[in-house]
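Colleague: I'm new to reading protein–ligand models. Could you walk me through this one?

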Amino acid sequence: MQELTMSNGPDVEISRFLSFVLRHKPEAIGLQLDSEGWADIEALITGAARTGKELDERAIRRVVANNDKKRFAISEDGRRIRAVQGHSTASVQRQYDAVVPPQRLFHGTASRFVDSILQKGLIAGSRHHVHLSEDRETATQVGERYGEPVILEIAASAMHEDGFEFHQAENGVWLTARVPVDYLKREG
Ligand code: HQG
């Protein structure tokens with residue numbers, strides 16, 4: 001029997017399911033997100049049940065509260081839920097405030113993407129933003145998801161001075177539309 005760990009427990013499965021429907025494919029369970037990403041919790045539970053996924057409000061609240069990356073938030077009135085970043089669905093267009101970034105930010109990627117990135121810059125791909133972190137550790141973990149990790153350093157202050165906008169999601173993830181090659185440096 002497989003050992004139950006932090007990375008395969010039932011709450012991780014719920015977190016993955018929430019990421020899937022709240023970031024990428026709400027239509028898979030007939031769920032509507034507003035442009036800020038909010039979904040009605042009741043509708044989420046009903047939609048999930050329709051596709052055979054049992055979810056209840058307690059489990060949802062537990063996952064939101066304990067989530068390792070604080071990926072989700074519940075509205076002040078307690079009735080809605082959203083993913084705070086990472087969206088690819090066209091139904092969401094979150095209006096994040098523009099904020100001044102720290103001097104340097106980091107992006108973790110896999111070694112096989114580096115040549116392309118150093119030619120084209122960092123592009124958002126299917127998501128709405130390029131995702132950046134303040135620390136190398138997070139960047140390494142992000143890069144490891146796709147292969148041998150490589151850390152890229154982004155001259156965020158210089159980008160900001162040149163007119164590029166930065167945003168920070170509620171869970172600390174930094175977001176920007178793209179990073180041109182001139183502001184990128186491979187570490188190591
Ligand atoms: C790469 C996770 C070739 C980019 C993480 C990345 C993050 C290029 C991949 C969040 C490229 C996109 C996002 C170019 C970028 N040529 N490859 N020009 N520009 N790429 O998953 O940043 O756990 O959409 O380096 O922690 O890896 O889901 O983005 O490897 O915060 O909450 O294209 O997802 O958070 O992959 O990850 P992704 P990401 P969660």
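Modeller: Sure, and keep in mind that this is a predicted model. Start with the domains: the protein splits into domain 1 (11-83) and domain 2 (105-186).

Colleague: How many Å apart are the C-alpha centres of domain 1 and domain 2?

Modeller: Those two centres are 27 Å apart.

Colleague: And where do the residues of the shell around the ligand come from?

Modeller: To read a shell, look for residues with a heavy atom within 4 Å of the ligand. Here 17 residues surround the ligand, and the closest are Lys 69, Thr 109, Ser 116, Arg 145 and Tyr 146. Domain 1 and domain 2 each give at least three residues to that shell.

Colleague: Which helices and strands each supply at least two residues of the shell?

Modeller: That would be β4 (104-110), α4 (114-120) and β5 (122-123). The largest share, 3 residues, is from α4.

Colleague: What kinds of residues make up the shell?

Modeller: You'll find 6 nonpolar, 5 polar and 6 charged ones.

Colleague: Which side chains should I check for polar contacts with the ligand's oxygen atoms?

Modeller: The general idea is to look for N or O pairs within 3.5 Å. In this model, the side chain of Lys 69 has an N or O atom 2.5 Å from a ligand oxygen. For Arg 23, a side-chain N or O atom is 2.7 Å from an oxygen of the ligand, and for Arg 127 a polar side-chain atom lies 2.8 Å from one.

Colleague: How much of the ligand's accessible area does the protein cover?

Modeller: On its own the ligand has 780 Å² of accessible area, and the protein covers 85% of that.

Definitions and conventions
Residues are numbered from 1 along each chain as its sequence is written. This is a predicted model: local features need pLDDT of at least 70, side-chain atom pairs count only at pLDDT 80 or more; totals for chains, interfaces and linings use all residues. Side-chain values use heavy atoms; hydrogens and water are left out. Domain bounds come from an automatic or database domain assignment. A polar contact is a pair of N or O atoms within 3.5 Å; within protein, one must be able to donate a hydrogen and the other to accept it, and residues adjacent in sequence count only if both atoms are side-chain atoms. Accessible areas come from the Shrake-Rupley method with a 1.4 Å probe; for residues, only the protein chains shown count as cover. Helices (H or I, at least four residues) and strands (E, at least two) are DSSP runs, numbered from the N terminus. Ala, Val, Leu, Ile, Met, Phe, Trp, Tyr, Cys and Pro count as nonpolar, Asp, Glu, Lys and Arg as charged, and the others, Gly among them, as polar.
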